[in-house]
Amino acid sequence: MNLSRRRIFGLVAALAVLTGFAGALSFPAIERHYMRQHAEQDAVPLNLAAAGLRAALERYAPLPALIAERSALTDLLNTPDDAALLSAVNEDLRQTAATVKASDVYLMDISGLTIAAASYREPGSYLGRNFNYQSYFTQALNGDLSSFSVYGTTTGERGYFYAAPVEEGERIVGVLAIKFNISAFESIWRGADSEIMITDRNDFVFMSSRPDWHFRAIRPLSDATLQLIAQNLEYPIDRIDLLPITTNPLNADAQQVFIEGNTRESYVLTSLRLPDLEWTISALSPRRPATLDALNTLLIAGLIALLALAALLAYLLKQTRQAEVFAKEQEVNRRLEAAVTERTADLQTALGDLKRTQTDLIQAGKLSALGQMSAALSHEFNQPLAAVKSYADNASAFLDRGRLPEAQDNISRISKMADRMATISAHLRNFARRPQQATGPLLLNAVIQDARAVIEMRLASEGGMVSYSPPDTEIWVTGGHVRLQQVIVNLINNALDAMEDQPSRVVTLQIDGTTLQVRDTGPGIEPAKVANIFDPFFTTKAPGKGLGLGLSISYNIVSDFGGTLSAANHPDGGAVFSVTLQPASPVEVAAQ
């Protein structure tokens with residue numbers, strides 16, 4: 001192996017080391033990114049858990065006040081020595097607790113002494129116990145609905161309590177409390193991917209999917225707080241312990257936490273504050289999935305980097321091999337250059353032949369298109385030429401009679417027809433330059449009026465009438481003025497030809513939206529010929545009276561506008577040709 005190749009391998013090895021070093025440095029940031037993602041994912045189940053807990057609490061909240069309205073409770077508070085009444089109240093409370101799925105329902109007098117309870121049959125019953133030290137009792141005795149979370153010092157169950165006053169008229173004579181067990185929530189949480197825990201205002205864990213976290217504080221408790229807990233018997237003082245937890249913020253809503261124990265556990269913590277309860281519900285998802293995601297990302301990036309380095313190594317080695325054989329290839333390269341020069345000359349000759357052939361094909365295409373346009377132009381010139389001849393004959397007659405105003409009017413009409421033919425010729429020149437002419441917004445009524453002016457002379461000489469009522473509002477469509485006028489004139493002429501044997505010839509023009517309908521009262525179109533009515537050189541007229549190009553040309557013109565031209569027979573007789581155009585906005589006119 002020569003020196004240059006050693007340098008190449010050394011360079012690639014150095015790049016590999018740098019890549020690995022960069023990956024190791026970026027791993028913590030990538031892992032934190034995935035921990036934040038997992039925290040965002042935990043927000044949904046956390047909200048669901050909070051909603052379920054709140055719904056259960058709210059379901060029990062109105063029960064004490066409802067149960068306290070029972071008259072038997074007031075009677076027992078007034079006559080606590082009535083054994084029969086006490087037995088009935090105890091059984092009624094037991095059945096009530098079973099119905100509402102409460103752990104206990106019990107009645108206390110104004111001294112706090114429990115005189116009746118749903119758990120009267122059980123060894124750990126509240127009967128005979130005094131709860132005047134509990135805040136829920138004192139609040140209810142003051143007339144307020146109260147709630148309290150506590151570790152049951154009598155039953156050993158963690159529960160949530162609601163209490164309401166028992167009133168006799170305006171006087172409070174006792175307190176009714178209801179307790180339900182909160183451990184049912186924890187059994188549901190244990191099936192989730194994340195651990196759930198709820199802390200109170202003192203950051204004391206009283207609910208959790210992890211039993212070993214129960215009655216542990218996530219921060220040191222002051223002596224005053226411990227004294228208050230002991231006074232209210234909220235939690236068992238002998239079980240209170242510190243949960244050694246350290247936090248590392250990830251963002252405003254998530255933290256990375258470490259919990260010390262037999263093993264050091266790492267979690268991603270997402271919290272939700274429940275201000276009305278003074279609780280905080282938290283989801284702790286294991287850090288391991290985020291670590292694995294980060295490792296997978298680095299593995300994929302490392303594989304990509306290795307592929308890139310391998311490609312770089314192959315490229316550099318190839319360049320080295322090429323440099324080594326460069327001297328030997330000089331003669332071959334000269335011969336190759338000569339061959340390339342000769343081949344390039346051949347290709348340039350072939351390219352010149354190709355360009356000439358392409359020019360010939362373009363010219364042939366233009367001539368073909370020009371021939372088609374010439375046929376259309378010949379057909380369309382017949383109409384204005386006929387009008388010009390009629391106007392010229394009339395002008396001559398008027399001059400012979402000395403009727404100069406009428407002769408001048410006919411000459412003016414001849415000038416307009418000449419302008420129209422000049423416009424058609426301009427279309428022919430445009431067609432020779434490009435296959436389609438530009439279209440734009442135009443007033444449909446104005447085009448119809450111009451078409452009626454063209455057909456006026458035929459109506460005057462042959463008879464007939466065009467029935468047309470302009471729309472109340474201006475209709476803007478997309479098209480070309482002259483070409484659309486040609487279509488309408490052609491359709492009116494065809495309608496008049498279809499009614500040549502009728503004494504009264506009336507062509508009806510009607511606008512419906514952006515659709516113009518041209519109807520005659522002739523014999524209509526044979527059903528077998530409707531499908532071919534727009535084919536070139538197809539005509540239903542007698543021989544010598546048409547080339548069969550008018551409808552084909554009109555169809556292509558309307559299609560060029562983005563519209564449609566269709567034919568059908570009217571139920572009352574005659575044929576109906578419908579020209580449907582694309583709508584346009586008058587605002588576009590000001591912009592052009």
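Two strands count as paired if DSSP finds at least two bridges between them. Keep that in mind, because pairing in that sense, with at least two bridges, runs through this talk. Our first example is a hairpin: strand 10 is joined to strand 11 through four residues. Please remember that we are looking at a predicted model.

Let's stay with that hairpin. Strand 10 and strand 11 run antiparallel, joined by five bridges. Thr247 stands opposite Val257 of strand 11. Now go on along the chain. Strand 11 forms another hairpin, with strand 12, and five residues lie between the two. Strand 12 covers residues 265-274, and its pairing with strand 11 is antiparallel, over six bridges. Here Gln255 has Leu269 of strand 12 as its bridge partner.

Is strand 11 enclosed or open to the outside? Count the residues. The strand spans residues 254-259, and five of its six residues are buried, so the rest of the structure largely encloses it.

These strands belong to an open sheet. It has eight strands, in the order 9-8-7-6-13-12-11-10, and the pairing is mixed. Which strands stand at the edges? They are strand 9, at 241-242, and strand 10, at 245-249. Each has a single partner strand, so one side of each has no neighbour in the sheet. Elsewhere in that order, strand 6 meets strand 7. Residues 195-199 run antiparallel to residues 204-208, with three bridges. Thr199 stands opposite Val205 in strand 7.

A general word before the next sheet. Strands of a sheet pair through backbone hydrogen bonds, either parallel or antiparallel.

Next, an open sheet of five strands. The order is 15-17-18-20-19, again with mixed pairing. Strand 15 and strand 19 are the edge strands, each pairing on one side only. From one strand to the next, the twist averages 20°. Strand 19 runs antiparallel to strand 20, residues 575-580, and six bridges join them. Ser566 faces Ser578 of strand 20 across that pairing.

Look at one residue of the edge strand. Ser467 sits in strand 15, residues 465-468. Buried or exposed? Partly exposed: its relative accessible area is 30%, and buried would need under 20%. Ser467 touches Val506, Val507, Thr508 and Leu509, leaving aside residues up to four places away in sequence. Arg519 is 52 residues from Ser467 along the chain, yet their C-alpha atoms are separated by 9.8 Å.

Now the helices. Helix 12 lies across strands 15, 17, 18, 19 and 20, at about 140° to strand 17. Helix 13 lies across strand 19 and strand 20, running at about 135° to strand 19.

How do helix 12 and helix 13 pack, in angle and axis distance? The angle is about 145°, and the axes are 10 Å apart. Helix 12 is residues 481-498; helix 13 is residues 550-560. The crossing is left-handed. On the helix 12 side, the contact includes Arg483, Val487 and Leu491. On the helix 13 side, it includes Leu551, Ile557 and Asp560. By class, that contact has five nonpolar, five polar and two charged residues.

Last, the whole chain. It holds 14 helices and 20 strands. Of its 592 residues, 39% are buried. About 32,200 Å² is exposed, with carbon and sulfur atoms supplying 57%. Take contacts between residues at least 6 apart in sequence: 59% of them join residues at least 24 apart.

Terms used:
Residues are numbered from 1 along each chain as its sequence is written. This is a predicted model: local features need pLDDT of at least 70, side-chain atom pairs count only at pLDDT 80 or more; totals for chains, interfaces and linings use all residues. Side-chain values use heavy atoms; hydrogens and water are left out. Axes are lines fitted to C-alpha atoms, for helices over the stretch in contact, and angles run from 0 to 180 degrees between N-to-C directions. A crossing is left-handed if the near helix is turned anticlockwise from the far one by less than a right angle, and right-handed if clockwise. Contact means heavy atoms within 4.5 Å. Ala, Val, Leu, Ile, Met, Phe, Trp, Tyr, Cys and Pro count as nonpolar, Asp, Glu, Lys and Arg as charged, and the others, Gly among them, as polar. Buried means under 20% relative accessible area, exposed over 50%, partly exposed in between (1.4 Å probe, protein chains only). Accessible areas come from the Shrake-Rupley method with a 1.4 Å probe; for residues, only the protein chains shown count as cover.
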